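Below are comments on the chain shown here, set out as numbered points. They go from the sheet to the loops and then to the annotated region.

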Amino acid sequence: MAEAARSHHTCTTCKQRSKTMLLLPCSHLATCEQCVADLSSCPICSRTVSCVIRTFIV
Ligand SMILES: [Zn+2]
Ligand SMILES: [Zn+2]
């Protein structure tokens, strides 16, 4: 159960680091800071990313 909860917060691209980058306009929290640099569209919904917001999950 703890493993599932952790994977929920893991980057969808590298599956190693925590998701910290919020993609706009779709508002999906999908990737870590490293992976978002290579991203042109959201890996969850495929919408074009126009802006990213850095977030922190405690
Ligand atoms: Zn990543
Ligand atoms: Zn999305």
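**Notes on the predicted model**

1. Strand 1 and strand 3 run antiparallel and are joined by 4 bridges. One residue pair shows the register: L23 has V52 of strand 3 as its bridge partner. The model is a predicted one, and side-chain atom pairs count only at pLDDT 80 or more.

2. On its other pairing, strand 1 meets strand 2, again in the antiparallel sense, over 2 bridges. Here M21 is bridged to T31 of strand 2. The two strands make a hairpin with 4 residues between them.

3. Taken together, the 3 strands form an open, antiparallel sheet in the order 2-1-3. Strand 2 and strand 3 are the edge strands; each has a single partner strand, so one side of each has no neighbour in the sheet. From one strand to the next, the twist averages 45 degrees. As background, strands of a sheet pair through backbone hydrogen bonds, in a parallel or an antiparallel arrangement.

4. Which side chains of strand 1 are buried, and which are not? The side chains alternate along the strand: M21 and L23 point to one face and are buried, whereas L22 and L24 point to the other face and are not. The bridge partners given above belong to the buried pair, with M21 matched to T31 and L23 matched to V52.

5. For the chain as a whole, the count is 2 helices and 3 strands. Read from the N terminus, the elements follow the order α-β-β-α-β. Of the 58 residues, 14% are buried. Among contacts with a separation of 6 or more, 30% are between residues 24 or more positions apart.

6. The hairpin loop deserves a check of its backbone. Where is the cis peptide bond? This bond joins L24 and P25, with omega at about 15 degrees. P25 belongs to the loop between strand 1 (21-24) and strand 2 (29-31), while L24 is one of the strand 1 residues whose side chains are not buried.

7. S27 is in that loop as well, between strand 1 and strand 2. Its phi is positive, near 70 degrees, although the residue is not glycine. S27 counts as exposed because it has 12 C-beta neighbours inside 10 Å, and a residue is exposed at 12 or fewer.

8. A second positive phi occurs at S46, near 70 degrees and again in a residue other than glycine. S46 sits in the loop between helix 2 (33-36) and strand 3 (51-54). With 8 C-beta neighbours inside 10 Å, S46 is classed as exposed. For context, most residues other than glycine have a negative phi, and most peptide bonds are trans.

9. The loop between helix 1 and strand 1 contains K19. Is K19 buried or exposed? K19 is buried, because 21 other C-beta atoms lie within 10 Å and the threshold is 20 or more. Neighbours within four places in sequence aside, the contacts of K19 are H9, T10, C11, L29, A30, T31 and C32. The C-alpha atoms of K19 and R54 are separated by 9.5 Å, with the two positions 35 residues apart along the chain.

10. T13 is also placed in the loop between helix 1 (2-7) and strand 1. T13 is partly exposed, as 17 other C-beta atoms lie within 10 Å. Not counting residues up to four places away in sequence, T13 touches T31, C35 and P43. T31 thus appears in the contacts of T13, in those of K19, and as the bridge partner of M21. T13 and L39 are 26 residues apart in sequence, and their C-alpha atoms are 9.5 Å apart in space.

11. On annotation, UniProt lists residues 11-46 as "domain: RING-type", in an unreviewed entry. In the model, residues 11-46 are 11% helix and 19% strand. The C-alpha atoms at the two ends of this stretch are 15 Å apart.

Conventions. Residues are numbered from 1 along each chain as its sequence is written. Chains are lettered from A and ligands numbered from 1 in the order in which they are written. Two residues are in contact if their C-beta atoms, placed from the backbone, lie within 7 Å. Two strands pair if DSSP finds at least two bridges between them. Axes are lines fitted to C-alpha atoms, for helices over the stretch in contact, and angles run from 0 to 180 degrees between N-to-C directions. UniProt positions are given in the numbering used here, feature names are shortened, and annotations may be inferred rather than shown by experiment.
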